[in-house]
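Hi,

Here is the structure I said I would pass on. Have a look at it first, and then read my notes below.

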Amino acid sequence: MDERDTARLLGLARLVLGAGLYLAPRQVTRMWTGSEDADFPVDLVARGMGARDIALGVGTLIALESGANPRGWLEAGALADAGDAIGTLAAWGDLPGLRRLLLLASEVGAALLGAQLAAALDD
């Protein structure tokens, strides 16, 4: 599998996750945080994140399919994922043990993968 195929999978994964967050915000957020309670508008936050990931995923996929350089989309996704990791660290004590480790690992992994792909696909 080459870098373009990996970038395509990353874009598709981002699109699917974003659609899940947008269409079923409470269910996905509950799986994410383990919490059923929320003192803030979970739907608003989750749908905003979902829309962000849909846009980044679709942008990446369109760039790849049209033969354009997806670097900017991959960098934007890596930056968003790094921001998510910082948010997870900020809420570390409020998240269940295993979930926080899995969240942080997936966020840092996605940020590193996106940055690596952006550099590799720099035409």
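**Overall shape and fold**

For a chain of 123 residues, a compact globule would have a radius of gyration near 14 Å, and the protein comes in at 15 Å, so the two agree. Keep in mind that this is a predicted model. Laid along the principal axes, the C-alpha atoms fill a box of roughly 45 × 25 × 20 Å.

The secondary structure is quick to describe: 5 helices and 0 strands, which gives α-α-α-α-α when you read from the N terminus. As for burial, 33% of the 123 residues count as buried. If you take contacts between residues at least 6 apart in sequence, 68% of them join residues at least 24 apart.

**The nonpolar core**

Which residues make up the largest nonpolar core? There are 7 of them: Ala7, Leu10, Leu64, Leu74, Leu117, Ala118 and Leu121. Two helices, H1 and H5 (97-120), each supply at least two residues of this core. That fits a general pattern, in that nonpolar side chains tend to be buried together in soluble globular proteins.

Ala7 is a good place to start if you want to look around in there. Setting aside neighbours within four places in sequence, alanine 7 is in contact with Leu64, Leu74, Leu117 and Leu121, and also with Thr60.

**One cavity**

I also checked for enclosed space. The count is 1 cavity of 30 Å³ or more, and its volume is about 40 Å³. What lines this cavity? The lining consists of Leu10, Gly11, Arg14, Leu56, Thr60, Trp73, Leu74, Gly77, Ala78 and Gly114. Helices H1 (3-23), H3 (42-66) and H4 (71-90) are the elements that give two or more residues to it, and the largest share, 4 residues, comes from H4. Sorted by class, the lining has 5 nonpolar, 4 polar and 1 charged residues.

Some names turn up twice here: Leu10 and Leu74 belong to the core and also line the cavity. Thr60, another lining residue, is among the contacts of alanine 7.

**Three aspartates**

I picked out three aspartates to compare. Two of them sit in H4: aspartate 81 and aspartate 84.

Is aspartate 81 buried or exposed? Its relative accessible area is 7%, so aspartate 81 is buried. Not counting residues up to four places away in sequence, aspartate 81 touches Arg14, Glu107, Ala110 and Ala111. You have met Arg14 already, as part of the cavity lining.

Aspartate 84 has a relative accessibility of 16%; the cut-off for buried is under 20%, so aspartate 84 counts as buried too. With neighbours within four places left out, aspartate 84 is in contact with Met49, Arg52 and Glu107. Glu107 therefore shows up in both contact lists, since contact here means heavy atoms within 4.5 Å, and Glu107 meets that for aspartate 81 and for aspartate 84.

Aspartate 2 is the third one, and it is found in the segment before H1. With a relative accessible area of 40%, aspartate 2 is partly exposed. Aspartate 2 and alanine 118 are 116 residues apart in sequence, while their C-alpha atoms are 13 Å apart in space. Alanine 118 is one of the core residues listed above.

Shout if you want to go through any of this together.

Cheers

Note on methods: Residues are numbered from 1 along each chain as its sequence is written. This is a predicted model: local features need pLDDT of at least 70, side-chain atom pairs count only at pLDDT 80 or more; totals for chains, interfaces and linings use all residues. Side-chain values use heavy atoms; hydrogens and water are left out. On a 1 Å grid over the protein atoms alone, a cavity is a set of points where a 1.4 Å probe fits but cannot get out, and a pocket is an open set with protein on both sides within 12 Å along at least five of seven lines; lining residues have an atom within 4 Å of a point. Grid points are joined across faces, edges and corners, and a volume is the space filled by probe spheres set on the points. Ala, Val, Leu, Ile, Met, Phe, Trp, Tyr, Cys and Pro count as nonpolar, Asp, Glu, Lys and Arg as charged, and the others, Gly among them, as polar. A nonpolar core is a set of buried Ala, Val, Leu, Ile, Met, Phe, Trp, Tyr and Cys residues joined through side-chain atoms within 4.5 Å. Buried means under 20% relative accessible area, exposed over 50%, partly exposed in between (1.4 Å probe, protein chains only). The radius of gyration is taken over C-alpha atoms; the globule rule is 2.2 Å times the number of residues to the power 0.38.
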